[in-house]
Amino acid sequence: AVAFAMRAAMVTRQVYELERWDLSRSDYASLGLFKSIMGIGASFFLAGPLSRRFCQGCGTEHLVKGAAAVAVVAAVAEAAPWPHSSTGVEGLVAKALADPSLLVYACVIFPLKTAAGQVATIALRARFTEVVPASDTAGALAALDVASSAIG
């Protein structure tokens, strides 16, 4: 359910980013590259260490709740009204400097949302394998992978 809700929110992400910051297609491609690099960094430096530290026993439940709370805080911060001053400015870097909401989104909000999603996914998979009997783990994980693939 969590993965499905996250996928549904991401479907309109491109249109939202293009319209909110008046990005051209080339600016959006540059932002996409930057977000990919930030996403890898967030996964490696935030999601991985947090999951390794807290995904043992009952810690998964708290980790999922914490990841959901971080995602909510990031969404509220993203929705906060910011003064828009990037109209007429060309280039992604110039727009980010003229409109601080784009800079905060790319450097803070997006990595937090990415890490929160990854931590929640890792913790939920860990919890899933804890409650499934050991003899059925392979089949259950295969079914989970099929269901995850169907969601996207």
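**Exercise 1. Find which residues are linked into a cluster by ring pairs, and work out how two of the pairs are arranged.**

Step 1. In this predicted model, ring pairs tie Tyr16, Trp21, Tyr105 and Phe110 together into a cluster.

Step 2. Now for the wider count: there are 4 aromatic pairs in the structure. One of them joins Tyr16 and Trp21, with 5.9 Å centre to centre and 70° between the planes. Planes over 60 degrees apart count as edge-to-face, so that's the label for Tyr16 and Trp21.

Step 3. Try Tyr105 and Phe110 next: their centres are 6.4 Å apart, with 55° between the planes. That angle is neither under 30 nor over 60 degrees, so this pair is tilted.

**Exercise 2. Decide whether Tyr16, Trp21 and Phe44 are buried, partly exposed or exposed.**

Step 1. Get the cut-offs straight: buried means under 20% relative accessible area, exposed means over 50%, and partly exposed is in between.

Step 2. Trp21 has just 1%, so it's buried. Tyr16 comes in at 28%, so it's partly exposed. Phe44 reaches 57%, so it's exposed.

Step 3. As for the other pair, Tyr105 and Phe110 are both buried.

**Exercise 3. Which helix gives the most to the nonpolar patch?**

Step 1. List the patch on the surface: Phe44, Phe45, Leu46, Leu50, Phe54, Val70, Val108 and Leu112, sharing about 730 Å² of accessible area.

Step 2. Look for the helices: H3 (25–54) and H6 (100–131) each supply at least two of the patch residues. Phe44, for instance, sits in H3.

Step 3. The winner is H3, with 5 residues.

Conventions. Residues are numbered from 1 along each chain as its sequence is written. This is a predicted model: local features need pLDDT of at least 70, side-chain atom pairs count only at pLDDT 80 or more; totals for chains, interfaces and linings use all residues. Side-chain values use heavy atoms; hydrogens and water are left out. Helices (H or I, at least four residues) and strands (E, at least two) are DSSP runs, numbered from the N terminus. Buried means under 20% relative accessible area, exposed over 50%, partly exposed in between (1.4 Å probe, protein chains only). Rings of Phe, Tyr and Trp (its six-membered ring) pair if their centres lie within 6.5 Å; planes under 30 degrees apart count as stacked, over 60 as edge-to-face and the rest as tilted.
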